[in-house]
Amino acid sequence: EWEPSRQQELMLYYTETKLGMEQFNSPTVFGFYRPEFAAEGKVQNAQLVSPEIQLLQTPFIIAYLNGLTSLIDRGLTTCGDGFGTTCAGFLRDEGYEGRLTYTSSAT
């Protein structure tokens, strides 16, 4: 569950440069990809389309994984290539804008 540190809504920053797209900022009215796009190989050979694959580029996949790892390990911060706005320290409970929490429901 998301737990903000300053009672504010979740804001992800720099997603356009880190992930190649920014929420609510599609380059066209049709979204971020062409609906008729087909990835080369088995998908194209089967005459299927896979428009979502058009978004997958290696640098953006790595940035996405780095951002999620930072969010899990340090909370929402810029430390470790995270999506936050500040990096006050590398300690888990220091300088984050919010964090993910987990409570087991097992008895």
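Which residues are buried in α3? The legends below take up this question and then turn to other parts of the predicted model.

**View 1. Overall arrangement of the predicted model.** The secondary structure of this predicted protein consists of 3 helices and 2 strands, which follow one another along the sequence in the pattern β-α-α-α-β. Of its 107 residues, 20% count as buried, and the area that the protein exposes comes to about 8000 Å², of which carbon and sulfur atoms supply 57%. Among contacts with a separation of 6 or more, residues 24 or more positions apart account for 35%.

**View 2. Helix α3 and its buried face.** Helix α3 runs through residues 58–74, and because each residue should add 1.5 Å, its 17 residues are expected to span 24 Å, a value that agrees with the 24 Å separating its end C-alpha atoms. The buried residues of this helix are Ala63, Gly67, Ser70 and Leu71; seen down the axis of α3, the buried residues fall within an arc of 100 degrees, so they line one face of the helix. In an α-helix there are 3.6 residues a turn, so residues three or four places apart point the same way. The cover over the buried residues of α3 includes β1 (2–4), α1 (15–19) and β2 (98–100), whereas the face turned away from the buried side carries the exposed residues Thr58 and Ile72. After the helix comes Gly75, with a positive phi near 85 degrees.

**View 3. Ser70 and its contacts.** Ser70, which lies in helix α3, counts as buried because its relative accessibility is 1%, where the cut-off for a buried residue is under 20%. When residues up to four places away in sequence are not counted, Ser70 touches Gly75, Thr77, Cys79, Gly80 and Gly82. Among these, Gly75 is the residue that follows α3, and Gly82 belongs to the loop between α3 and β2.

**View 4. Gly82 in the loop between α3 and β2.** Gly82 is found in the loop between α3 and β2, and it counts as buried because its relative accessible area is 1%. Leaving aside neighbours within four places in sequence, Gly82 is in contact with Lys18, Gly67, Ser70 and Thr77; of these partners, Gly67 and Ser70 are among the buried residues of α3. The C-alpha atom of Gly82 is separated by 8.6 Å from that of Ala63, although these two residues are 19 residues apart along the chain.

**View 5. A nonpolar surface patch that includes Tyr64.** Ile53, Leu56, Ile61, Tyr64 and Leu65 together make a nonpolar surface patch of about 440 Å². One of these residues, Tyr64, is found in helix α3, and it counts as partly exposed because its relative accessibility is 41%, which lies between the limits of 20% for buried and 50% for exposed residues.

**View 6. Gln47 in the loop between α2 and α3.** Gln47 is found in the loop that joins α2 (42–45) to α3, where it counts as exposed because its relative accessibility is 75%, over the 50% required. Most residues other than glycine have a negative phi. Gln47, although not a glycine, has a positive phi of about 55 degrees.

Terms used
Residues numbered from 1 in each chain as written. Predicted model: local features only at pLDDT ≥ 70, side-chain atom pairs only at ≥ 80, totals over all residues. Heavy atoms only, no water. Helix = DSSP H or I, 4+ residues; strand = E, 2+ residues; numbered from the N terminus. Expected span 1.5 Å × (residues − 1). Buried < 20%, exposed > 50% of the residue type's maximum accessible area, 1.4 Å probe, protein only. Arc of directions from axis to C-beta. Contact = heavy atoms within 4.5 Å. Patch = residues over 30% accessible without salt bridge, like charges linked within 9 Å, V, L, I, M, F, W, Y side chains within 5 Å. Areas by Shrake-Rupley, 256 points an atom, 1.4 Å probe, with all protein chains shown as cover. Salt bridge = Lys/Arg side-chain N within 4 Å of Asp/Glu carboxyl O.
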